[in-house]
Amino acid sequence: MDHIYKKVELVGSSENSIEEAIENAIARADQTLKNLGWFEVVETRGHLQDGKVVHYQVTIKVGFTLDGTT
């Protein structure tokens, strides 16, 4: 069979790190999407308060194989 994939865009957030923001988005997606296979970071941004980073947001695209394909 052909490999057929779908991509969805997600925004993960964290008060601790960019990596944790990515992991939070993927962990949540894994609860409802099957066959997750890869991700790509599209955008990174954050919130500043008193000259310090207090919150990270990372936009990612997550790819997964559609059911019935290999």
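Contact, as the word is used here, means heavy atoms within 4.5 Å. With that in hand, let's walk through the structure together. This is a predicted model, in which local features need pLDDT of at least 70 and side-chain atom pairs count only at pLDDT 80 or more, while totals for chains, interfaces and linings use all residues. Residues are numbered from 1 along each chain as its sequence is written, and side-chain values use heavy atoms, with hydrogens and water left out.

Start with the overall plan. The protein chain has 1 helix and 3 strands, where helices (H or I, at least four residues) and strands (E, at least two) are DSSP runs numbered from the N terminus. Along the sequence they follow the pattern β-α-β-β. Taken along the principal axes, the C-alpha atoms fill a box of roughly 55 × 20 × 15 Å. The radius of gyration of the protein chain is 14 Å, whereas a compact globule of 70 residues would have one near 11 Å. That radius is taken over C-alpha atoms, and the globule rule is 2.2 Å times the number of residues to the power 0.38.

Next comes the sheet. Its 3 strands are arranged in the order E1-E3-E2, forming an open sheet with antiparallel pairing; two strands pair if DSSP finds at least two bridges between them. E1 and strand E2 (36–49) are the edge strands, each with a single partner, so one side of each has no neighbour in the sheet. From one strand to the next, the twist averages 15 degrees. E1 and E3 are joined in the antiparallel sense over 10 bridges, and E2 and E3, also antiparallel, are joined by 12 bridges.

Individual residues let you trace these pairings. On the E1 side, Val8 has Val62 of E3 as its bridge partner, and Glu9 stands opposite Lys61 in E3. On the E2 side, Leu36 is matched with Phe64 in E3. Val62 is a good place to pause: leaving aside neighbours within four places in sequence, Val62 is in contact with Lys6, Lys7, Val8, Leu10, Leu36, Trp38 and Phe39.

Where does the helix lie? H1 lies across E1, E2 and E3 and runs at about 130 degrees to E1. Here axes are lines fitted to C-alpha atoms, for helices over the stretch in contact, and angles run from 0 to 180 degrees between N-to-C directions.

Which residues make up the largest nonpolar core? It has 6 residues, namely Ala21, Ile22, Ala25, Val58, Ile60 and Val62. Helix H1 (18–30) and strand E3 (52–65) are the elements that give two or more residues to this core. A nonpolar core is a set of buried Ala, Val, Leu, Ile, Met, Phe, Trp, Tyr and Cys residues joined through side-chain atoms within 4.5 Å. Buried means under 20% relative accessible area, exposed means over 50%, and partly exposed lies in between (1.4 Å probe, protein chains only). In soluble globular proteins, nonpolar side chains tend to be buried together. In this protein chain, buried residues account for 20% of the 70 residues.

Glu9 gives a contrasting view. Glu9 sits in strand E1 (residues 5–14) and counts as exposed because its relative accessibility is 53%. Beyond its neighbours within four places in sequence, Glu9 is in contact with Val42, Thr59, Ile60 and Lys61. Glu9 and Val41 are 32 residues apart in sequence, and their C-alpha atoms are 9.7 Å apart in space. For the protein chain as a whole, among contacts between residues at least 6 apart in sequence, 63% join residues at least 24 apart.

Now for the loops. Most residues other than glycine have a negative phi. Asn35, in the loop between H1 and E2, has a positive phi of about 65 degrees although it is not a glycine. With 40% relative accessibility, Asn35 counts as partly exposed. Asp50 also has a positive phi, near 55 degrees, in the hairpin of E2 and E3, which has 2 residues between the strands. Asp50 counts as exposed, at 76% relative accessibility.

We finish with charged side chains. The structure holds 1 salt bridge, a term for a side-chain nitrogen of Lys or Arg within 4 Å of a carboxyl oxygen of Asp or Glu. The side chains of Arg45 and Glu43 form it, at 2.6 Å from N to O. Arg45 is partly exposed at 32% relative accessibility, and Glu43 is partly exposed at 40%.
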